Amino acid sequence: MIQKTYRSTNIIPAAKIGRVEVQRTISLSHDERHIRRKLLYFENGDTIMLDLQKAVQLTEGDILATDSGEHFRVSAALERLYEIKGKDTLHLLELAWHLGNRHLAVEIFPDRILLLYDHIIGNMLETLGATLQEIKAPFQPLHGAYHEHFPIRP
């Protein structure tokens, strides 16, 4: 089977996508979605060379637009995470502070926090009274205020 290679130098953010025909979806982990220049592989062996002017953090639904007119959707891969719950809202805020103090990427919800699995941090959180559950889910953490391409929650 002949494998194809595409080249992309343009990202269309999910929030700005109009009507485009998507050829395929590529699933990437959180770390793989922080990218500037890299050869990405589709499940069938085809590749897409992403060559951007500067590093970006891709999010679920972003489109990789190729030089030849194809469009490929980015999907956030399922990852091993901790779902963190506190005893109450104040406790959850305190747990968020401890995670932020360690500069860890987190995804924050009104009743829980998601964090990439790390048994050392997990032990710390349990010591602080958190309830942890290991889950598999897409991970789209918040990015700093100075980050150019970050998700905006509706």
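**A tour of the β8-β9-β7-β10 sheet**

Begin with the open sheet of this predicted model, in which 4 strands follow the order β8-β9-β7-β10 with antiparallel pairing. To find the borders of the sheet, select residues 106-108 and then residues 131-138: these are β8 and β10, the edge strands, and each pairs on one side only. Viewed from one strand to the next, the twist averages 30°.

Next, select residues 78-85 together with residues 113-116. The former are strand β7 and the latter strand β9; the two run antiparallel and are joined by 4 bridges. Within this pair, display leucine 81, which stands opposite leucine 116 of β9.

Now add residues 89-101 to the view. This stretch is helix α1, which lies across β7, β8 and β9. Relative to β7, helix α1 runs at about 130°.

Proceed to residues 119-127, which form helix α2, and pick out glycine 122 within that helix. Is glycine 122 buried or exposed? The relative accessible area of glycine 122 is 1%, and this residue is therefore classed as buried, the cut-off being under 20%. Which residues does glycine 122 touch, not counting those up to four places away in sequence? Select Tyr82 and Leu132 to see these contacts of glycine 122.

For the last stop, keep glycine 122 selected and add glutamate 21. These two residues are 101 residues apart along the chain, and a distance drawn between their C-alpha atoms spans 42 Å.

Notes: Residues numbered from 1 in each chain as written. Predicted model: local features only at pLDDT ≥ 70, side-chain atom pairs only at ≥ 80, totals over all residues. Heavy atoms only, no water. Pairing = 2+ DSSP bridges. Axes fitted to C-alpha atoms, helices over the stretch in contact; angles between N-to-C directions. Contact = heavy atoms within 4.5 Å. Buried < 20%, exposed > 50% of the residue type's maximum accessible area, 1.4 Å probe, protein only.
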